[in-house]
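Hi,

Here's the structure I promised to pass on. Have a look first, and my notes follow underneath.

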Amino acid sequence: MSGSCGRIPPPFPDNEDQEAESDTRVLDSDEDDDDEGEDIFTGARSNPITPTSAPDEGDIFSEEGSYIRSDVHHATNGLHPDEEELDLFTEATVELTLTNTTSQGRREIIGPTASACNTTQVPNSILKPSIVTKTTEELEEEESGDQFELNIAVTNPEKIGDGMNAYMSYKVSTQTTLPMFLNKTFSVRRRFSDFLGLYEKISAKHSLLGCIIPPPPQKSVVGMTKVKVGKEDSSSAEFVEKRRAALERYLQRVVAHPSLLQDPDVREFLERDELPRAVNTQTLSGPGLLKMINRASDAVNKMTIKMNESDNWFESKLQEVENEEQLLRRLHAAVDSLVNHRKELCSNTAVFSKSVAMLGSVEENSALSRALSQLAEVEDKMEQLHQQQAFSDFFILAELLADYIRLLGAVRCCFEQRMKVWQRLQEAQSTLQKKREAEAKLLWANKPEKLQQAKDDINEVKLSTANDKHNTWESKVSQYERDFERVTCTVRKEVLRFEKEKARDFKQHIVKYLESLLHTQHRLVKCWEAFLPEAKAIA
Amino acid sequence: LLQVRTADSPHPRFDLNNDASLVIDIPDALCERDKVKFTVHTKTTLSSFQKPEYSVQRQHEDFIWLHDTIVETEEYAGLIIPPAPPKPDFEGPREKMHKLGEGESSMTKEEYAKMKQELEKTVQVHEVFLQRLSSHPMFRKDRNFQIFLEYDQDLTVRRKNAKEMFGGFFKNMVKSADEVLISGVKEVDEFFEQEKNFLLDYSSKIKDATAKAEKMTRSHKNVADDYNHISGALNNTAADNNTAFKKHLEKCAEVFEKLRKVEDRMASDQELKLTELLRYYTRDIQAAKDLLYRRARALADYENSNKALDKARLKGKDVAQAEENQKQCLQKFDKLSESGKKELTSFKARRVVAFRKNLIEMTELEIKHAKVRRLKCYVYHYMFIRQCSGILI
């Protein structure tokens, strides 16, 4: 049974050389791929296009020039400040390109990138500008002006209406140089159900092809109810911020996918002023999505017949995905614990600060009294630092892990799609086989009329039934074979793209997290340095 | 067997050796099974001592014995008695130590470090106790104090004898001290009235601050532990992975392991300086309150003696005795008031000085360590980027 794209499926790609080669070949043969591996969103050329580049010691897939797309707010309490359009994007895209070995092994190191490293917005660049390196290819391309940019930000959450019918409306702003959009900069307002509606449309169209569809953020009845009811406390503000950030990441992932970006529904979502209200989004609630995903893995597990050696790749890859999902869940639980303990530390510090202030107020010696109240203020500042750190712990680490746990679920769905196509092919083939056997029997039984009928059935000769699009079983089988080939190629390509993205994403986030810690320590130094003269002033 | 040389301790300690004529320190301590043995080192030019230098081994119980004998000494009723050092607390690590002795398990580096820290802390409080005694004009002349510093044998026998003699009488009385102070005798002296109010208020607030500081430190240590768990989970995820991602995860696990130390150190620093300071003064304030209590008792005794005298005069019986009693009670009360005033005044000054010193030391330590941590975070950040791109291994 043919199932490959006309090439030899590579052995399990833990060898980076072969990964590069297979990726290139997959791209060449893939009909659906129309952007040739260029990551339009980031504007950087991804390496698969350079089939001649010999991968050197580093892993070239994770080492290409990359841009941190998602913004993590380091500002005080995370509520997105109302800013001008331009400022939005300096936050939304901090250009931090990492690494890079060129094919010649040269490395270019330049200073902080011009556009986005706005030090006033991004406090973590206080100490030193981020180290930026780019490949010579990228630098050349930047000069040639071939790059297309697409930046998306989700901001300005606003409550519309009152009571249980209220909802949050978000501003979705796009800044782009892509010609397919009407304008360079534009924004629309969308509500949560619009995002779910977008997912539904994308999913309906692309999942059958074997694409990995980024899952939307989860619904939360509890969270939203608080907001609707009008509780103005910090937990509902936190909920809104969490959701806003999740929606932003969701859109950024969608447009990062080359095929999805071309989808007119996506364009409409970004551009069109008024969208028809999406209904039936209940099925896409968190538990619903999860059920769907779990059914996917069950279906795949039932699949016992192996087609060819390429199946090994898929089988072991799926196993990998499932294992990784479990491990990430545990990792997420550990990070969750960190977030909670940090929040506890926060509140304990605040309480301590107050008790120090009380002690200071009782102290008879006036200089000591003042010093103690200053100490209380230092502890207060530390509480704020802990708060910010908790914020980073959550948005940089915890949400990243949560996203990837769901994304891995989407990857499993993708595998299921392939299995469905395979099953359809199987069924058609078995039907064709039965009909052939019937024909052979008739041949032996020498019943010419029936024989002719059987032959017609099998061959490509058209029959009279009007509704029959795939007129014969043979043509059906051919069609399904082609479908399966295509899906297999797509899934493989998608998985490789996903893995690349994932490694890059994780790396970027860890870097960002380390920056947040660095920032915290720096502020800590400043805090204590400010207190020292106060301590010395005690007489 | 765990030995700590406190000279090597990174944390500066209280040092109350103001006077070169009697200098005491605890240069090292040995943690053996469940006992801590302190080496008490004395250098003196005082003629009352037989030798100019001593080095003796003492246990925590010896310090308690010394404290109790001083508390029970009538002569010192008008003085603030330096608070007894708390018992060394090695609960968790102690079990480990037991096991170590039996060759069952080995201590991790962390556990060892924790024990070492606890040991340093306990050395600090025991040392301060002795230095408080040596820097006080009356206590430094105490006979038992000298024995404590000089006697080169085990003090166990002495301790047992002392227990039989005193039976902890005074200790039991002190428990209800607060109630007496609050509800008790009407105060005539403005100074003592103010002191009473101040000490009661301050006492509750410093206890509160100490408790809150301890809670804060615990949650900080929880954060540090979480980094450890995250590091472990990262390693597990890396072990299962066969792509380039694996390398990132491993590097990440390394970094988080290091971050654990960073956070742990942050928690420890604050604890060592600030929390210990608060704990110490909570005890010291109690000692000051005890003085007020003793004075209040003396006042009560005096007032009772007045009543007894009046009664005796009415009855016409035992008047001389009652008069004598009253005179003595008044003398005692006056002595306590006079010495108490001096003590409480110098206590204020001492408290301010100690807070100043410790807050400065704490702040300098925090700054120094925060700079180191900042540098470390910078390096981890840099190294992580470079290592992931294969530029550095």
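A polar contact here is a pair of N or O atoms within 3.5 Å; within protein, one must be able to donate a hydrogen and the other to accept it, and residues adjacent in sequence count only if both atoms are side-chain atoms. Helices are DSSP runs of H or I with at least four residues, numbered from the N terminus.

Before the details: this is a predicted model, so local features need pLDDT of at least 70 and side-chain atom pairs count only at pLDDT 80 or more, while totals for chains, interfaces and linings use all residues. Residues are numbered from 1 along each chain as its sequence is written, chains are lettered from A in the order in which they are written, and side-chain values use heavy atoms, with hydrogens and water left out.

Starting with H12(A): Asn365(A) caps its N-terminal end, with a side-chain oxygen 3.0 Å from the backbone nitrogen of Ala367(A). The helix covers residues 366-445, and at 1.5 Å a residue (times one less than the number of residues) its 80 residues should span 118 Å; the end C-alpha atoms are 116 Å apart, so the two agree. There is still a kink of about 30° centred on Ala398(A) (the bend is the angle between axes fitted to the seven residues ending at a residue and the seven starting there). Just past the helix, Asn446(A) has a positive phi of about 55°.

H12(A) also holds Arg424(A), which pairs with Asp483(A) in a salt bridge, closest N and O atoms 2.9 Å apart (a side-chain nitrogen of Lys or Arg within 4 Å of a carboxyl oxygen of Asp or Glu). That pair links distant parts of the chain, 59 residues apart, with Asp483(A) sitting in helix H14.

Over in chain B, H9(B) has a kink of about 35° centred on Glu271(B). Its 72 residues should span 106 Å and the end C-alpha atoms are 103 Å apart, which agrees. Gly316(B), just after H9(B), takes a positive phi of about 75°.

Now the interface. Chain B puts in 69 residues and chain A 72 (contact means heavy atoms within 4.5 Å). Together they bury about 6,400 Å², 73% of it on carbon and sulfur atoms (accessible area, 1.4 Å probe, lost on being put together and summed over both). Phe245(B), Arg374(B) and His381(B) supply 10% of the area that chain B buries there, more than any other three residues.

Six salt bridges run between the chains; one of them joins Glu263(B) to Arg342(A) at 3.0 Å between the closest N and O atoms.

Cheers

Methods. Helices (H or I, at least four residues) and strands (E, at least two) are DSSP runs, numbered from the N terminus. Buried area is the accessible area (1.4 Å probe) that two parts lose on being put together, summed over both.
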